[in-house]
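Student: Could you take me through one part of this structure slowly? I would like to see how its strands and helices are put together.

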Amino acid sequence: MKISVIDLGFNSAKLVIYDVQDDDSFDVYQQEGIKVRLGEGLDDKGKLAKKPMSRAIDTLKVFRDIIQLNPIKSVLPIATSAVREASNKNEFLTQVLKETGFNFKILSEREEALYSYVGAIKALQIPDVLFFDIGGGSLEIVHAEQFKIKKVISLPLGSLRLTRKFDDKKGKLTNKNLESLQRYVLNLLPSKRDLNLSDDTKLVGVGGTLRALARYEQKLSGYPLDKTHNYKIGRKSLDFTINRLAKMTSGDISKISVIGASRAETIVAGSYVIRTLMEKYDLSNLYVSNHGLREGALSIFLEDPKTYHNGNPTAEQIRSTIGIIEPRKANPEKENFLYSLSSIKLLSKRERKIFDYAEKILLSKHSFSNPQSIFYFVMDEDLPLDHDDHLILGLALVHTRHPKTSDWLFTRYKTILSQQDKISIKKISILVTLRKILERTKSKVELRLHGTRIVELIVNPSRSNHNFLLKDALRKFENAFDVKVILSIRPYQGSSQNSILEL
């Protein structure tokens with residue numbers, strides 16, 4: 001089924017149509033975004049002005065027509081800071097309902113923060129976070145430990161709002177203006193002591209300003225992977241990027257393809273908010289999520305429509321919606337095999353985690369016409385994996401089908417990956433192949449270590465044992481794990497012979 005979310009913000013209006021599966025997972029089917037600057041002039045008069053309201057309604061009529069072309073089951077229209085703060089919001093929303101048919105839900109500050117947090121953390125699965133969502137009008141902050149909400153804060157620190165407050169009325173933020181802006185942000189942010197952040201806390205952010213910053217940093221550094229989700233930005237790198245942008249005019253910034261004209265005027269102010277967050281709380285890295293408010297609102301709705309409409313999700317509902325990944329039910333034979341590899345230090349925790357994701361993908365019903373299609377499918381998924389781990393996963397799955405293609409793709413990302421990563425790719429690839437053989441033959445497996453580099457694999461198949469295929473796989477296992485393998489075949493049903501094969 002298809003469900004659409006309309007997000008009417010301070011700066012822009014966005015429509016996203018999601019294709020929702022039976023298990024409540026979803027993918028973007030279509031999305032549109034238009035800068036309507038609904039909050040323009042709001043801080044001066046406390047009311048939405050006629051021209052911004054007219055721009056917003058015209059945009060919503062476009063969204064209505066797009067929705068009518070699609071078989072949409074539900075429409076979730078949500079409005080944030082501009083509408084929330086306006087004294088004439090009821091008048092505006094009545095007009096919107098009359099002219100477009102959309103009945104908007106005004107999110108409270110807490111709802112906006114929590115929905116955005118849910119969307120981001122559901123995709124990243126990071127338990128201890130200082131999360132922020134910077135929009136055009138406001139900055140939402142959520143502090144959570146082990147996925148439990150500790151504090152929710154909303155501040156008037158949106159990128160368009162700050163640009164209008166501190167520019168020189170000619171669309172330029174001078175150095176003096178920027179110093180004033182930074183002091184203003186510092187004064188409004190809560191202290192580090194108030195938040196009581198743990199050493200494990202990670203800074204995670206969403207918003208158009210942050211995504212544009214990430215893309216520009218990737219462009220400047222020659223980053224080879226075209227992906228911003230779970231991209232990690234360091235403080236030094238962020239400083240370099242922001243200082244470069246601060247020296248440009250909005251006209252110069254608008255010519256940067258990865259930022260664009262619609263973001264050019266506000267990105268500097270928004271960037272200073274992000275940098276101030278990192279500096280004030282002494283956080284060295286920042287993680288970017290491509291999922292936020294819209295995905296969170298949809299997830300809450302799918303979890304429980306009543307909770308979405310009531311607007312007050314409980315802590316348990318938030319944790320349930322995030323879908324904290326619990327350990328899967330153990331397969332004793334598989335777990336014994338993998339545990340043995342880990343216990344004799346042939347498989348690291350990192351490699352085991354990537355291998356688990358490889359198995360999940362292989363258990364899906366997707367079919368791939370060629371090895372490269374596997375890679376691009378995997379890399380297009382927003383998984384809770386660091387970029388290098390994500391690449392290892394994709395390249396390992398390609399390696400199972402065509403090692404030369406995997407090696408060729410590896411060279412494109414050698415600035416991100418190491419030679420040790422290449423070894424991990426081979427390990428995970430052969431484990432995927434070996435597991436497939438052992439499962440198809442319904443084999444019971446036992447692993448024994450003799451000395452430091454000799455491994456005995458004891459196999460008790462219940463079906464024909466495919467000795468030649470198994471021996472070929474184990475030769476690759478020897479190469480990937482740098483060990484000598486002794487294969488012991490125990491009798492399967494219908495046979496009374498034991499055999500020991502040295503490869």
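Tutor: Strand E10, residues 232-234, pairs with E11 in the antiparallel sense, over three bridges. Within that pairing, Ile233 has Leu286 of E11 as its bridge partner. Now look at strand E9, residues 202-206, which is joined to E11 (residues 285-288) by three bridges and runs parallel to E11. There, Leu203 has Leu286 in E11 as its bridge partner. Keep in mind as you look that this is a predicted model. It may help to know that strands of a sheet pair through backbone hydrogen bonds, either parallel or antiparallel.

With that pattern in mind, let's turn to another group of strands. Here five strands form an open sheet with mixed pairing, in the order E3-E2-E1-E4-E5. Strand E3 (26-35) and strand E5 (105-106) are at the edges and have a single partner strand each, so one side of each has no neighbour in the sheet. The link between E5 and strand E4 (residues 72-79) consists of two bridges, and these strands run parallel. In this pair you can find Ile78 opposite Lys105 of E5.

Helices pack on this sheet too. Helix H14, residues 293-303, touches E1, E2, E3 and E4, and its direction makes about 130° with that of E1. Helix H2 (residues 50-68) lies across strand E1 (2-8), strand E2 (12-20), E3 and E4, and runs at about 15° to E2.

Next, see how helices meet each other. Helix H6 (residues 159-166) packs with helix H13 (residues 267-280) at an angle of about 110°, their axes being 8 Å apart. H6 and H13 are therefore roughly perpendicular to each other. On the H6 side, the contact uses Ser159, Leu162 and Thr163, while H13 brings Ala269, Gly270 and Val273. Three residues of this contact between H6 and H13 are nonpolar, three are polar and none is charged.

Compare that with helix H19 (residues 371-380) and helix H20 (residues 387-401), whose axes cross at roughly 160° and come within 9 Å. That angle makes H19 roughly antiparallel to H20. The crossing of H19 and H20 is right-handed. From H19, Pro371, Ile374, Phe375, Val378 and Met379 take part, and among their partners in H20 are His390, Leu391, Leu393 and Arg401. The contact of H19 with H20 has ten nonpolar residues, two polar and one charged.

Notes
Residues numbered from 1 in each chain as written. Predicted model: local features only at pLDDT ≥ 70, side-chain atom pairs only at ≥ 80, totals over all residues. Heavy atoms only, no water. Pairing = 2+ DSSP bridges. Helix = DSSP H or I, 4+ residues; strand = E, 2+ residues; numbered from the N terminus. Contact = heavy atoms within 4.5 Å. Axes fitted to C-alpha atoms, helices over the stretch in contact; angles between N-to-C directions. Parallel < 35°, antiparallel > 145°, perpendicular 65-115°, else oblique. Nonpolar A, V, L, I, M, F, W, Y, C, P; charged D, E, K, R; others polar. Left-handed = near helix turned anticlockwise from the far one by under 90°.
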